[in-house]
Amino acid sequence: LNLIFSFRGIPCIYYGSEVEFMKKAPIDVGPHAPLSTTGRAYFGDYLEGTVTASDFGKYTATGKVAETLNYPLAKHIQKLNMMRREIPALQKGQYSVEGVSGDVAYKRRFTDKTQGIDSFVCVTLGSSATFTGIPNGKYVDAITGDVKNVTDGTLSIPATAKGDIRIYVLDLGGNNGISGQIGETGKYLK
């Protein structure tokens with residue numbers, strides 16, 4: 001999930017992923033297996049109740065759906081969605097690995113001069129990474145709120161836990177940066 005919400009394209013997840021529905025069941029075993037034995041089956045009883053949204057990522061819920069939305073993986077998906085919404089480079093940014101070292105690491109940038117948007121991020125998943133030739137300035141991690149000041153065009157990000165992610169956003173002022181951590185720390189993003 002960390003990769004698909006921070007990489008190019010539109011993130012797509014299966015209904016039921018938020019509660020690990022049918023965890024470890026094969027998702028698609030062909031057309032001859034009954035749905036109840038595959039990871040494709042989602043019966044919707046997790047959605048009983050009401051949800052009232054007041055803003056993006058802000059809501060009140062009742063019934064079974066309230067439990068579903070508090071499930072650790074559901075919270076994780078909510079945080080990833082909030083970060084993607086807040087950081088234009090994660091939505092539409094060009095992807096590059098030029099000047100990037102690390103197992104799964106990349107940078108993304110999106111600019112729209114008509115709207116005054118310039119959004120730049122450095123992303124690493126599960127390993128340390130070094131980004132060279134990047135703009136100098138203050139970088140804020142969307143996961144933890146950690147701040148790193150780059151003065152020589154080089155940003156080094158220490159290793160994270162397996163599968164964890166760090167998203168350092170260049171703060172260019174105005175709507176072109178973040179002020180700190182986005183969303184709550186949870187089981188999957190620390």
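**Briefing: a buried salt-bridge network and two nonpolar cores**

Arg166 is buried, its relative accessible area being 13%, where buried stands for under 20% relative accessible area, exposed for over 50% and partly exposed for what lies in between, with a 1.4 Å probe and protein chains only. Salt bridges with shared partners tie this residue, Asp141 and Asp164 into one network. The structure is a predicted model, in which local features need pLDDT of at least 70 and side-chain atom pairs count only at pLDDT 80 or more, while totals for chains, interfaces and linings use all residues. Residues are numbered from 1 along each chain as its sequence is written, and side-chain values use heavy atoms, with hydrogens and water left out.

**Confidence**

- The mean pLDDT of the protein (the predictor's confidence in each residue, from 0 to 100) is 87, and 95% of the residues score at least 70.
- Among the elements, which are DSSP runs numbered from the N terminus (helices H or I of at least four residues, strands E of at least two), strand E7 (residues 129–132) has the highest mean pLDDT, 98, and helix H2 (residues 64–69) the lowest, 88.

**Salt bridges**

- The whole structure holds 6 salt bridges, each defined as a side-chain nitrogen of Lys or Arg within 4 Å of a carboxyl oxygen of Asp or Glu.
- In one of them, Asp141 pairs with Arg166, with 3.5 Å between the closest N and O atoms; this pair links distant parts of the chain, since Asp141 lies in strand E8 (residues 137–141) and Arg166 in strand E11, 25 residues apart.
- Asp141 is buried, at a relative accessible area of 0%.
- Arg166 also meets Asp164 in a salt bridge, at 3.7 Å from N to O, and Asp164 counts as buried with 7% relative accessibility.
- Lys64 and Glu67 form another salt bridge, whose closest N and O atoms are 3.5 Å apart; the two residues are about one helical turn from each other because they stand 3 residues apart in helix H2.
- Within this helical pair, Lys64 is partly exposed at 35% relative accessibility, whereas Glu67 is exposed at 52%.

**Nonpolar cores**

- The largest nonpolar core (a set of buried Ala, Val, Leu, Ile, Met, Phe, Trp, Tyr and Cys residues joined through side-chain atoms within 4.5 Å) has 20 residues, and Met83, Ile87, Val121, Val123 and Ile167 have the most contacts inside it.
- At least two residues of this core come from each of helix H3 (72–86), helix H4 (88–92), strand E6 (117–125) and strand E11 (165–171).
- A second, separate core numbers 13 residues, including Val100, Cys122, Ile157 and Tyr168.
- Beyond its neighbours within four places in sequence, Met83 is in contact (heavy atoms within 4.5 Å) with Leu90, Ala142, Ile143, Ile167, Ile182 and Leu189.

**Surroundings of Ala142**

- Ala142 sits in the loop between E8 and strand E9 (147–150), and counts as buried at 0% relative accessibility.
- Residues up to four places away in sequence aside, Ala142 touches Lys79, Met83, Ile87, Ile167, Ile178, Gly180, Gln181 and Ile182.
- The C-alpha atoms of Ala142 and Tyr168 are separated by 6.3 Å, although these residues are 26 residues apart along the chain.
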